[in-house]
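Please open the structure in a viewer and keep the selection panel at hand. The tour below proceeds stop by stop, naming what to select and then what is found there.

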Amino acid sequence: MEIDGYIVVEHSDSVSGYLSIIDKAIESLRDALWLVNQFIHLNPELAFKEYEAHRVLTDFVRSEEGWRVTPSAYGMATAWVAVYDSGKAGPVVSLNIEMDALPGLGHACGHNLIATASLSAGIAVAESMKKHGVPGKVVLFGTPGEEGVGGGKIRLLEAGAYKDVEISLISHPGIFNNSPLVRTTAFCRLEVEYHGRAAHAANSPWLGVNALDALVIAYNAVSVLRQQTMPSDVIGMSITDGGGPPNVIQAYAAGVCVLRAASASRLKELQRKVTACFQAGAEATGARADIKVVDGYADHVPNRVLAESYRQYWNSLPDVPEPAIPPKDQFTWVKASTDQGNISYAMPSVNASFAIPPGPNSGPPHTPDFERASGTKAAFDRALRVGKALAGTAVDVLTTPGLIEKIKQQWRRDMDAVEQRVLG
Ligand SMILES: [Zn+2]
Ligand SMILES: [Zn+2]
């Protein structure tokens, strides 16, 4: 279609046009991708120690023609970057590849499947460039340390790894949703230490300043605060040091809170309220409070223009699995946190949830059941389907005139809404 000399490619045209190319590219590598997927699953490695996964993934990309691979990138042993440049001017699209497992639980978060989906998508985009003249560049990032508060992607962002990249795509397995429009929670950690003064608890307690009392007051204040929080707020608190023998006035006590909220701005508000609870303990007892904020992850702000491309590719592939992907513009809320959230504040992002067939006990991520489920052939098949839909999304961005501008406009609107929430 041509309007005012400007070529307009309907989404549905590009879906049918490129899907068979993408499908062929990924299916021709099915056996090799299965070996990589299984290898990572059977060799779980913790955050920033993903040495074997780094090796097999970079070897795989290197074996494909035309990719420029940088191992151990940006000062991290297990971060890597691979670039395929079509040689023709166009947008720069990227996919993130998580690799880490959980302490004592192996790949119970299914990051082997994330790696498979993004890897297959990247290769399929490059194939579309090689054989069918698709312009632009595709970049794969090996992003270490997503679990805990590792924040490998934040370190890459800060190091400038994404400075020339225009969009970021990733996916995450679970058992409940197939959705490209996923919001996740913002998350941080607040640590408090109380310093009081020791005294004999029987003969001169009036000489003491009780740090444990300060902590108990803070704990109770936080408990009461929960009555006035929003349904999407989560505050978990534990006492990490309750002092020494009971016949001494406690000179030292410590605790920690983990906070989650629907947005980075709401998290700041919650952080202010919890800090006030901590200060109340100090005020009431005279103990000194040392409060430390450990930054976690921002909430994920998904890009609805990108998500719509993904949805169309997902529904165009045969044998659409249950549950159905939600209708256009319907968000899916996942109460978990990811450093892809921080990426979504830096550029348009999609973090697609996909359901894999659950294990015998229907365990969600971070359970032994999910560790087993993420190693099956059925889960791998789903990851390849995700890879095809991600590749389709990327190819749409590269080939549809005006689409990248539309995506960026949406992102700016989303960021303006975030800012207004902060100011409001
Ligand atoms: Zn996880
Ligand atoms: Zn995960």
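Begin by selecting Val 69, which stands opposite Ala 82 in strand E4. The model in view is a predicted one.

**The edge strand and its partner**

Extend the selection to the whole of strand E3 and to strand E4, residues 80-85. The two strands run antiparallel and are joined by 3 bridges. In general, the strands of a sheet pair through backbone hydrogen bonds, in either a parallel or an antiparallel manner.

**The whole sheet**

Next, select the other strands of this sheet. In what order do the strands of the open sheet lie? The order is E3-E4-E6-E5-E7-E14, a total of 6 strands with mixed pairing. At the edges stand E3 (68-70) and E14 (349-355); each has a single partner strand, so one side of each is left without a neighbour in the sheet. Direction ignored, neighbouring strands are turned by 20° against each other on average.

**Helices on the sheet**

Now add helix H4, residues 111-132. Helix H4 lies across E4, E5 (92-98), E6 (137-143) and E7 (167-174), and runs at about 155° to E5. Then add helix H11, residues 377-399, which also packs on the sheet. Helix H11 touches E5, E6, E7 and E14, and its direction makes about 160° with that of E7.

**A pair of helices**

Clear the view and select helix H2 (residues 30-42) together with helix H3 (residues 51-62). The axes of H2 and H3 are 10 Å apart, and the helices pack at an angle of about 170°. This angle makes H2 roughly antiparallel to H3. Which residues make the contact between H2 and H3? From H2 come Val 36, Phe 39 and Ile 40, and from H3 come Ala 53, Val 56, Leu 57 and Phe 60. By class, this contact has 7 nonpolar residues, with no polar and no charged ones.

**The two domains**

Finally, show the full chain and colour it by domain. The domain assignment gives domain 1 as 2-184 + 299-423 and domain 2 as 186-295. The C-alpha centres of the two domains lie 40 Å apart. Where they touch, 7 residues of domain 1 are in contact with 9 residues of domain 2. Select helix H12 (residues 403-423) here: with 3 residues, it gives the most to the side of domain 1 that touches domain 2. That side of domain 1 has 3 nonpolar, 2 polar and 2 charged residues.

Conventions. Residues are numbered from 1 along each chain as its sequence is written. Chains are lettered from A and ligands numbered from 1 in the order in which they are written. This is a predicted model: local features need pLDDT of at least 70, side-chain atom pairs count only at pLDDT 80 or more; totals for chains, interfaces and linings use all residues. Domain bounds come from an automatic or database domain assignment. Two residues are in contact if their C-beta atoms, placed from the backbone, lie within 7 Å. Helices (H or I, at least four residues) and strands (E, at least two) are DSSP runs, numbered from the N terminus. Ala, Val, Leu, Ile, Met, Phe, Trp, Tyr, Cys and Pro count as nonpolar, Asp, Glu, Lys and Arg as charged, and the others, Gly among them, as polar. Axes are lines fitted to C-alpha atoms, for helices over the stretch in contact, and angles run from 0 to 180 degrees between N-to-C directions. Angles under 35 degrees count as roughly parallel, over 145 as roughly antiparallel, 65 to 115 as roughly perpendicular and the rest as oblique. Two strands pair if DSSP finds at least two bridges between them.
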